[in-house]
Amino acid sequence: MADFLSLQEAVSTHINHGDTVAMEGFTHLIPFAAGHEIIRQEIRDLTLIRMTPDLIYDQMIGAGCAKKLIFSWGGNPGVGSLHRLRDAVEKGWPNSIEILEHSHAAMACAYEAGAAGLPLAVLRGYIGSDLPKVNEQIKFIECPFTGERLAAVPSVRPDVTVIHAQRADRKGNVLIEGIVGIQKEVVLAAKRSIVTVEEIVDDLNAGVNACVLPSWAITAIAEAPKGASPSYALGYYERDNAFYQQWDGIARDRETFQTWLQENVFNKGAA
Amino acid sequence: MSLEYTASEMMSITAARALTNDMTCFVGIGLPSEAANLARLTHAPDITLIYESGTLQTRPDVLPLSIGDGELCESALTTVSVPEMFRYWLQGGHISVGFLGTAQIDRYANLNTTLIGDYRAPKVRLPGGGGAPEIATNAREVFITVKHSKRTFVKDVDFVTTVGFGRDGKAREQVPNIGRGPTVVITDLCILKPEPGTNELVVTALHPNVTREQVIEATGWEIRFAEALATTPEPTSNELEVLRDLKARTHAHHAGQ
């Protein structure tokens, strides 16, 4: 059964220096509150995995938490660059990071393979792309039945997964609604998992085919209202698109970023 | 009497016209999304729009800023997981058109959204591949829309993130289970199509009041023009009105108004 912990306890108990961490949420349900707690606890040398690093990893990379990033699309959606990611890759600030990049299809398949307990994922992908030349995790295999050449990538098996979800019941079962992304796969692929939720309720009111993660498949649950903001939680609050646009100006400059980080992350404790 | 419109409006409207009511379109964010929704709000009301966040058959009232805005999910027929999106719906062969933007495009319609310069020491780091590498090969055909400039239209892309026809124009030959690739590129100056046989992009239509010299000046290789060079029809007042309303609604929404 999942343990109910404070966000501070969940992070300090389950995320260690040097861990491989996947914090997912496809534009929706991005676990920002947990990301900020990792920054406050100054956890270092993380290998961060996310399909879209988004602002959450831009902040964590700028705060010096990462040594490596595995991703498939590293921009600020509809706005432009992730300036902290670019500064780390282009100029090594605050530290240089290693990057390993995939396509979305390959990463989605790699998470699914991780959840399925397989060592690799197979897809019809990367045809004609230069990505296999710069990422040694991308290989090609021959289908033993048809001879077709297919791409193969290793499955993703994080030490820890962190996701946000709408709600948990008092036993720790979790409901995810809306753009479910790869939330289920990334939890099942990991050795340990932390799920932050908007609220804890008596009854999930889940439909029979709803996306529900049972309590016994989760390590820890922490209540974190508005824990996905400035991304969103369907049914609770909308995506703060104005903040995503403002982030471009905040993150472009190292000093503005550090001031923002001090005021909005370090000077605020966990909820 | 001819209407007043900008080159960007001309591009979006021309791109929208490339889509038809019976298509199932996998939509990239930005210009493709604007064009696809304009098509849905004008001549193609029943077009199926699909975004990589898993939203199937979506009908947003405002253009999404991100690929996964709540608007896309709430107005969709259904929302599936991301692995299901890429494996069943895209790789499974249900997408007729992939609609993409890009940072760089070359004469064989290869797309670069990874970086400018050398991979290990990039001059400019771009976002990366996202869904595009597999959209471009698993969709039955690909439409591309991008603003025309010498920085964008280069002879050879610095990095092939997403294949058009490869470095030699032949990358799709003898590859099983692969789509036709790019069939049209729509810019703010003209329409380009791959030339049968070589797959090199040639200009097939100029937008009204655009000259050959302007296109030559904005292209990084010796661009060729089709023998039967057409002129793109001007936007209609209805197309302009719908586009401007859509953009005004979108702007107000994302500014938090």
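## Exercises on a predicted two-chain model

Strand S1 (residues 24-27) and strand S2 (residues 48-50) of chain B run parallel and are joined by 3 bridges. Helices (H or I, at least four residues) and strands (E, at least two) are DSSP runs, numbered from the N terminus, and two strands pair if DSSP finds at least two bridges between them. This is a predicted model, in which local features need pLDDT of at least 70 and side-chain atom pairs count only at pLDDT 80 or more, while totals for chains, interfaces and linings use all residues. Residues are numbered from 1 along each chain as its sequence is written, and chains are lettered from A and ligands numbered from 1 in the order in which they are written.

### Exercise 1: follow the strands of chain B

Task: start at B:Phe26 and find which residues stand opposite it in S2(B) and in S5(B).

Solution, step by step:

1. Look at S2(B), where B:Ile50 is the bridge partner of B:Phe26.
2. Notice how the chain gets there: S1(B), helix H2 (residues 31-41) and S2(B) form a right-handed β-α-β unit. Right-handed here says that, with the strands pointing away from the viewer, the path from the first strand over the helix to the second runs clockwise.
3. Turn to strand S5 (residues 97-100) of chain B, which runs parallel to S1(B) and is joined to it by 3 bridges. In S5(B), B:Gly98 stands opposite B:Phe26, and B:Phe99 stands opposite B:Val27.
4. Go on from S5(B) to S10(B): these two pair in the parallel sense over 4 bridges, with B:Val142 in S10(B) opposite B:Gly98.
5. Check the two faces of S5(B). B:Val97 and B:Phe99 point one way, B:Gly98 and B:Leu100 the other, and all are buried. A residue is buried if 20 or more other C-beta atoms lie within 10 Å of its own, exposed if 12 or fewer, and partly exposed in between, with C-beta atoms placed from the backbone.

### Exercise 2: buried or exposed?

Task: decide how many residues of helix H1 (residues 7-17) of chain B are buried, and whether B:Ala248 is buried or exposed.

Solution, step by step:

1. Count along H1(B): 8 of its 11 residues are buried, so the helix is mostly covered. Among them are B:Met10, B:Met11 and B:Ile13.
2. Find what covers them. The buried residues of H1(B) pack against H2, strand S10 (141-145), strand S11 (182-186), strand S12 (190-194) and H7 of chain B.
3. Now move to B:Ala248, which sits in helix H7 (residues 237-254) of chain B. B:Ala248 is exposed because its C-beta has 11 others within 10 Å.

### Exercise 3: a loop residue in chain A

Task: locate A:Asp19 and say which residues it contacts beyond its neighbours within four places in sequence.

Solution, step by step:

1. A:Asp19 is in the loop between helix H1 (7-14) and strand S2 (20-23) of chain A.
2. With 17 other C-beta atoms within 10 Å, A:Asp19 is partly exposed.
3. Apart from those sequence neighbours, A:Asp19 is in contact with A:Leu46, A:Asp159 and A:Val160. Contact requires that the C-beta atoms, placed from the backbone, lie within 7 Å.
4. Take one of these partners: A:Asp159 is 140 residues away in sequence, yet the C-alpha atoms are 6.1 Å apart.

### Exercise 4: a sheet and its helix in chain A

Task: work out which strands stand at the edges of the S8-S10-S9 sheet in chain A.

Solution, step by step:

1. Write down the order: 3 strands form an open, antiparallel sheet, S8-S10-S9.
2. Strand S8 (120-123) and strand S9 (139-142) each have a single partner strand, so these two are the edges, each with one side left without a neighbour in the sheet.
3. Examine one pairing: S9(A) and strand S10 (residues 149-154) of chain A are joined by 4 bridges, and A:Phe140 stands opposite A:Ala151.
4. Add the helix: H5(A) lies across S8 and S10 of chain A.

### Exercise 5: where the chains meet

Task: find which helix gives the most residues to the side of chain A that touches chain B.

Solution, step by step:

1. Start with the totals: 45 residues of chain A are in contact with 45 residues of chain B.
2. The elements giving two or more residues to this side are helix H4 (83-91), helix H5 (104-115), helix H6 (131-134) and helix H8 (241-252) of chain A.
3. H5(A) gives the most, with 6 residues.

Note on methods:
Two residues are in contact if their C-beta atoms, placed from the backbone, lie within 7 Å. Axes are lines fitted to C-alpha atoms, for helices over the stretch in contact, and angles run from 0 to 180 degrees between N-to-C directions.
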